[in-house]
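Biologist: I am new to reading protein structures. Could we look at one together and talk it through?

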Amino acid sequence: MDNTIHLQSEKQQITTETNRHDSQYTSAAPNAVYIHIPFCTNKCFYCDFNSYVLKDQPVMDYLRALDREMELTVAQNPPERIDSIFVGGGTPTVLNPEEMDFFLTSVRKHFSPWAKDMEFSMEANPGTTDLEKLKVMKAGGVNRVSFGVQAFQNKLLSDIGRIHNTDDVYRSLDNAHKAGLTNLSIDLMFGLPRQTVEMLDESITKALELDLPHYSIYSLKVEENTLFHTLYNKNQLPLPAEEDELKMYLLLMERMQAAGRMQYEISNFAKPGKESRHNITYWRNEDYYGLGAGAHGYVGRQRHINVKGVNPYVKACAEGLPRMQQFEVSQNEAMEDFVMVGLRMLKGMRNDDFRKQFGHSLEDIFEAPLRKMLNLGLIQQHEDQGGYQLSPKGILFGNEVFAEFIGILTEE
């Protein structure tokens, strides 16, 4: 799943000192790159991502336009060192081997040098990754693949609009290992229509039997402009009861911990050292390049959103950078973003990192909501890091905690 952060709002400055620090803000070139491939074999019933069914799409025109955006981007802000690349979608692995090779050649050409331990992740759907394609991915530098499995019950997969089955999952993972790709992750979902706690338990069991280094497990969110949203509005979406969804989340946390997968973010679990370094870039509110149709980027306190449609994107790239919007993120907004995304990580946010970005302590800016959340037992102070993290109770009510820090710097 694309974890690109979508955070925009207008906020006022709070002190003369803050204004002065903001005006002097400078940023080195980003070390992280997000690239969007918007094509899919079909549209899942819950998906609101910027994606389009592959049939009759101008794929090579899109890849050539993407190459052009890469060229213009690095000319404007040359990279110094790339630590992580994440290719999301859509389903990037719907590209055929020749298209995949063209795309990965473009990435290597424009975004270098790579760090020695650079993480190059690509999202994949089971059934779209044969051995030949996975070998092309490996040869092109991809060293981490995240498979969108979602569940291990074929009927449930069909009911949410997935086109793969469990046999495809095992076949795809086997092919990945044959291609020499071992840093693998799978996505699971809970809170799905007609899904029971027992069904999730079965999926977790089958997922853990694979002994993978990383698991992402997301709760369903009914988004606008999806089939599920239409059904929900018609009262035709049989979602689990809230108490069952809570039981699901508690179950997955318990089982992942027992299996040695550390919960390092609200929805992510990994063996030590196998956390998604690219997504941690977002959760630390650090800069990243964002390329492709509908992609978001964040560089030097400037956030941009690209043109969304495939053909409009191709046309825009022929004329320059394909921007739909570009705007400066104020100091206040950046500080609120830092807290909201930083608290998603179980290690939380550190005062040293906040001071490095903003020249203030967390307490200087957020004394009231920090005190309120501490008193409610939803956050706790680090014992040795000089910062804050969600408490065990707060993990279950993360959205309520985040909301306490958003918009307060605009208040009179």
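Biologist: Thanks! What covers the buried residues of helix α9?

Modeller: Keep in mind that this is a predicted model. The buried residues of α9 are Met-248, Tyr-249, Leu-251, Leu-252, Met-253 and Met-256. What covers them includes β7 (184-190), α7 (197-209), β8 (214-219), β9 (262-265), β10 (268-270) and α15 (392-396).

Biologist: How far apart are the end C-alpha atoms of α9, and what span should its 17 residues have?

Modeller: Helix α9 covers residues 242-258, and we count 1.5 Å a residue. The expected span is 1.5 Å times one less than the number of residues. For the 17 residues of α9 that should give 24 Å, and this agrees with the distance between the end C-alpha atoms, which is 25 Å.

Biologist: Is Tyr-249 buried or exposed?

Modeller: Tyr-249 is part of helix α9. A residue counts as buried under 20% relative accessible area. Tyr-249 has a relative accessible area of 9%, so it is buried.

Biologist: Which residues does Tyr-249 touch, if we do not count those up to four places away in sequence?

Modeller: One of them is far off along the chain: Leu-396 is 147 residues apart from Tyr-249, yet their C-alpha atoms are separated by 8.3 Å. With the sequence neighbours set aside, Tyr-249 touches Phe-190, Gln-263, Ile-266, Ile-395 and Leu-396.

Biologist: What is the sign of phi at the glycine that follows α9?

Modeller: The glycine in question is Gly-260, which comes after α9. Its phi is near 80°, and the sign is positive.

Biologist: Now for the two asparagines. Where is Asn-225, and is it buried or exposed?

Modeller: Asn-225 sits in the loop between β8 and α8 (227-233). Most residues other than glycine have a negative phi. Asn-225 is not a glycine, yet its phi is positive, about 65°. With 76% relative accessibility, Asn-225 counts as exposed.

Biologist: And is Asn-285 buried or exposed?

Modeller: Asn-285 also has a positive phi, about 60°, although it is not a glycine, and its place is the loop between α10 (277-283) and β11 (289-291). Beyond its neighbours within four places in sequence, Asn-285 is in contact with Tyr-298, Ala-334, Asp-337, Phe-338, Val-341 and Gln-357. Its relative accessibility is 7%, so Asn-285 counts as buried.

Biologist: Which strands stand at the edges of the open sheet of three strands?

Modeller: The order in this sheet is β15-β17-β16, with antiparallel pairing. An edge strand has a single partner, so one side of it is left without a neighbour in the sheet. That describes β15 (349-350) and β16 (379-381).

Biologist: Which residue of β17 is the bridge partner of Arg-350?

Modeller: Two bridges join β15 to β17 (residues 387-390), and these strands run antiparallel. In β17, the partner of Arg-350 is Gly-387.

Biologist: Which helix lies across β15, β16 and β17?

Modeller: The helix has residues 362-375 and runs at about 125° to β16. Its name is α14.

Biologist: Last one: which residues does the cis peptide bond with omega near 5° join?

Modeller: Most peptide bonds are trans. One cis bond joins Gly-89 and Gly-90, with omega about 20°, and Gly-90 lies in the loop between β4 (82-89) and α3 (97-110). The cis bond you ask about ends at a proline in the loop between α3 and β5 (114-124). With omega near 5°, it runs from Ser-112 to Pro-113.

Note on methods
Residues are numbered from 1 along each chain as its sequence is written. This is a predicted model: local features need pLDDT of at least 70, side-chain atom pairs count only at pLDDT 80 or more; totals for chains, interfaces and linings use all residues. Side-chain values use heavy atoms; hydrogens and water are left out. Helices (H or I, at least four residues) and strands (E, at least two) are DSSP runs, numbered from the N terminus. Buried means under 20% relative accessible area, exposed over 50%, partly exposed in between (1.4 Å probe, protein chains only). Contact means heavy atoms within 4.5 Å. Two strands pair if DSSP finds at least two bridges between them. Axes are lines fitted to C-alpha atoms, for helices over the stretch in contact, and angles run from 0 to 180 degrees between N-to-C directions.
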